[in-house]
Structure formats: structure tokens, C-alpha cells
Amino acid sequence: MNKTVTIPDPTEHYRRNVGPIEHTETDECEVDIENIGWTLGNDCPYKCKHCYSTSARIKGMDLTTEIVDRVVDQIKRLGAKTINLGGNEPLFTNGISPQKTLLPYIIEQLSAYNVDVGLTTSGISLTYLEKHFKYAFHLLNDIDISLDSPYEHEHNENRGGKIYNMALEALEVCKKHNKQVTIVMCAMSWNFTEDRIEALVELARHYGANLRINPIKPVEAKHMEVALTPDIYYKGFSKLMSLCKSLDLTEPTLAGISHYGKSKRCPCGRKSFRIHSITPDGKIPISPCVYLHDYKIGNLVEDDLLELVESPQFKTFRRRNRNPELIEGCQSCDIIASCGGGCAARSYLHHLHTTGEHSLFARDPLCPKAAQVPESWFEQNPDLPENVHLVHKDYLCTWIGQPL
């Protein structure tokens with residue numbers, strides 16, 4: 001008889017601590033937080049089917065300049081080097097009206113502390129800044145423009161709005177101002193195909209853009225319907241990486257199959273973390289991983305960020321990083337040093353949706369060894385450039401490349 005799995009409530013993290021604190025008897029890896037993501041608001045005019053932040057965004061309060069100053073000061077004290085503004089559409093910090101936005105103020109305050117600021121947008125936040133707040137626009141280090149497909153009708157359908165041309169306009173603005181720009185796509189079972197990959201690379205080449213691929217993490221149960229299978233994942237990345245020069249390889253399973261000798265495994269809680277949007281009761285929590293709301297902790301309006309980074313939630317991530325041999329199926333694996341059990345978020349969420357159990361110490365469902373992926377599909381121990389400076393480098397389990 002098949003086990004009945006209860007569908008988890010993606011908003012449970014608002015009511016209690018969900019993510020378990022595991023293996024407290026073990027050591028953790030080193031911590032050197034440099035890269036931060038910040039979800040600025042709770043409003044977004046689009047209805048992206050794969051959105052990872054919807055269940056962590058509830059309307060009720062807006063940001064103030066005083067709150068922003070407090071958060072920025074905490075970031076400064078931590079000594080972070082980069083911060084990406086995204087999550088929702090970042091223009092909408094204070095409701096759906098652009099006239100109420102604090103985005104330019106946030107960019108200026110962060111830049112004043114010599115933090116390199118990036119922006120992830122469907123296009124509207126970037127074009128609005130360029131038109132109305134040129135000073136803040138020019139302060140941006142780099143920009144990520146989201147596309148769910150290189151084909152207009154597919155992108156618009158998945159986003160719930162006719163915004164494909166807005167993304168192209170934003171790419172054109174970056175090209176005009178010689179801004180570092182990356183096209184970012186959430187890879188799903190329907191869009192990570194050979195024809196779409198080739199078209200996406202050609203589009204990036206046309207605009208002088210990099211490419212970044214975020215394989216979908218099933219934050220909600222419905223995302224499992226478009227999750228990548230090992231076959232789609234590895235064939236897609238094999239094709240993509242044959243067309244591009246890799247710039248960053250923090251997707252652990254790819255680092256593993258490539259025997260990338262400089263991989264430090266999943267960066268979450270070790271090198272990076274996420275600042276969540278303000279809650280209805282005025283709190284700003286953080287979590288080690290942008291996708292794992294179950295591990296959110298604290299309130300940056302009141303708490304010391306340096307103490308939160310040493311919280312049990314963060315330590316559990318770092319214990320997983322240090323001790324992947326505790327993950328069932330990873331013991332004695334010959335790529336464990338670079339893969340480290342794979343992406344913590346994908347492992348946790350896939351395990352949760354298939355078993356109903358909460359555990360960070362689960363194996364990545366895209367394990368290349370379990371899938372018997374031929375290593376010949378990938379360049380071995382690739383030589384990645386050291387002088388690339390992008391806010392998503394060593395932040396998230398992701399891949400960044402440059403079209404050849």
C-alpha cells in the first residue's frame with residue numbers, strides 16, 4: 001500500500017518554527033557571509049506560476065526610511081559585499097503605486113556603505129529607475145532580467161501579463177548604458193528544452209548579456225508538477241554549458257558531475273542568506289536560503305544580525321554543508337567533496353513533498369550518481385574566471401554563463 005503524504009501548508013512558517021534543528025552533535029563549516037538577497041515588498045502586479053516568495057509575502061505593513069536605515073546599518077555591521085534586491089517586483093516596496101516606492105532610497109543608502117547592489121526584475125523596476133531616478137539607476141552594479149521563455153507568448157502566459165516586451169526594453173536600456181546584465185530563467189520541465197535553450201542563448205548574445213539558470217525549487221506542492229527530472233536537468237545543462245563559458249558554478253550537482261575542485265557546496269547560510277519582506281506585524285525576518293521559508297528567524301527591526309547568523313537555523317545549514325556523509329545515499333560517494341549532497345533547498349522541499357517529513361539532511365533528487373549521468377557530457381574541473389563581479393556569484397545554488 002502506498003504511503004499517504006499530507007500536502008504541507010506553505011504558510012505554516014508564519015505560525016511556528018518548522019525547519020528542524022538537526023545533528024547538533026556535529027561541527028559546522030566556516031561562515032563568511034558576503035552576499036545577501038532582500039525581498040523589499042509584498043506587492044507584485046504579476047502572477048508568476050512558479051513564484052517562490054508568494055507564501056512568504058503577506059500585505060499589511062510598508063517599509064519606512066527608519067526601518068530601511070536600521071536594516072542597512074545591520075548589513076554594514078555584518079560586512080556584506082553584495083546585495084540583490086528582488087523577491088517581489090522590487091519597485092513595489094510600499095504597495096502597488098510606484099509613486100510610493102523606496103527603491104531609489106534603498107539603493108542609495110546601500111551604495112553609501114560601499115555595498116554592491118544588484119536588481120532582479122521583470123523589467124519595470126529597471127526602466128522606471130532609468131526614467132525617473134537616474135542617479136539610483138547608475139549606482140546599480142548589475143541587473144538580472146527575468147524571462148521564463150525566449151518565446152513571447154509562453155513568457156506572458158506564465159507571468160500572467162503581457163510583459164515580454166518590457167523585459168526586452170530593460171535589456172535594451174542596459175545595453176545602451178553599458179550595464180552588466182544577465183537574463184535569468186527559472187528552469188522548469190516545460191521550458192528547459194534544447195530549442196528554448198538555443199533561443200535563450202541567442203537572445204543573450206544579441207543584448208551582450210550573461211545567462212543565469214535557477215532550477216526550480218518546489219516551494220509549494222504545485223511546483224512539483226513542473227520540477228526538473230534528472231534527464232531534463234542534465235541534458236539541458238550539458239547543452240547550455242556547451243554554448244556558454246561558465247562564470248559561476250554554485251549549483252552543487254553540476255559542480256559534482258564536473259569534479260569542480262573549487263566547489264564549496266551549497267552557499268546558503270555559509271556565504272549568503274535572505275532578508276524577507278516585512279510582515280503584517282512589522283517584522284523583517286531572515287533565512288539561510290531564499291527558498292526555505294521554514295527556516296526563517298528573527299526580526300531585523302530589533303535583532304542583531306550578527307547573532308541571527310549564529311542561530312540554530314543557520315547552523316543546521318552549515319552542519320549539512322560540513323557533514324554530507326550524514327545524508328542517506330551520499331556516504332562514500334566519489335563526488336561528495338564538491339557536491340556535498342546537492343542543493344539544500346531542493347533536497348529539503350522534494351523530500352517534504354514526497355514523504356511529508358521535514359529534514360535538511362536529505363539527498364538532492366537530481367543526484368548525478370543516482371541518475372547515472374555520463375561525466376563525458378560535461379567539461380571536467382572547468383576553469384572559471386576569478387574577475388567576474390556579479391551579485392549572484394556564490395549566492396543561491398545557481399549557474400551563470402556567458403554565450404560563446
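Over the ring of which residue does the charged end of lysine 179 sit? I looked this up at the outset, in what is a predicted model. The ring belongs to phenylalanine 137, and the charged end of lysine 179 is 5.6 Å from its centre. I then noted another such arrangement: lysine 296 lies over the face of tyrosine 14, at 3.7 Å from the ring centre.

**Entry on the cores**

I turned to the largest nonpolar core, which has 82 residues. Trp38, Ile75, Leu85, Phe237, Ile275 and Trp399 are the members that touch the most others. I recorded that helix 6, residues 164-176, gives the most to this core, with seven residues. A second core stands separate from it and has 24 residues, among them Val290, Tyr295, Ile327 and Leu396.

I examined the surroundings of isoleucine 275, leaving aside residues up to four places away in sequence. Isoleucine 275 touches Ile36, Gly37, Trp38 and Thr39, and also Val71 and Ile75. Its contacts further include Ile284, Pro285, Ile286 and Leu300.

**Entry on helix 3**

Which residues of helix 3 are buried? In this helix, residues 124-132, I found Ser125, Leu126, Thr127, Tyr128, Leu129 and Glu130 to be buried. I next looked up what covers them, and the list includes helix 2 (103-112), strand 3 (116-121), helix 4 (134-139), strand 4 (142-146) and helix 6.

**Entry on the aromatic rings**

I recorded nine aromatic pairs in the structure. In one of them, tyrosine 295 and phenylalanine 317 have ring centres 5.2 Å apart. Why is this pair edge-to-face? The planes of the two rings stand at 85°, and edge-to-face requires over 60 degrees.

I also noted where the two residues lie. Tyrosine 295 is in the loop between strand 9 (286-287) and helix 10 (305-308), while phenylalanine 317 is in helix 11 (residues 312-322), so the pair ties together parts that are 22 residues apart in sequence. Both tyrosine 295 and phenylalanine 317 are buried.

Tyrosine 295 also pairs with tyrosine 348, at 5.4 Å centre to centre and with 70° between the planes, which is an edge-to-face arrangement. Tyrosine 348 belongs to helix 13 (residues 344-355), and this pair links distant parts of the chain, 53 residues apart. I found tyrosine 348 to be buried, as is tyrosine 295.

My last search concerned an aromatic cluster. Phe192, Tyr233, Tyr234, Phe237, Phe378 and Trp399 form one. I recognised Phe237 and Trp399 from the entry on the largest core, where they are among the residues that touch the most other members.

Conventions. Residues are numbered from 1 along each chain as its sequence is written. This is a predicted model: local features need pLDDT of at least 70, side-chain atom pairs count only at pLDDT 80 or more; totals for chains, interfaces and linings use all residues. Side-chain values use heavy atoms; hydrogens and water are left out. A nonpolar core is a set of buried Ala, Val, Leu, Ile, Met, Phe, Trp, Tyr and Cys residues joined through side-chain atoms within 4.5 Å. Buried means under 20% relative accessible area, exposed over 50%, partly exposed in between (1.4 Å probe, protein chains only). Helices (H or I, at least four residues) and strands (E, at least two) are DSSP runs, numbered from the N terminus. Contact means heavy atoms within 4.5 Å. Rings of Phe, Tyr and Trp (its six-membered ring) pair if their centres lie within 6.5 Å; planes under 30 degrees apart count as stacked, over 60 as edge-to-face and the rest as tilted. A charge sits over a ring if NZ of Lys or CZ of Arg is within 6 Å of the ring centre and within 35 degrees of the ring normal.
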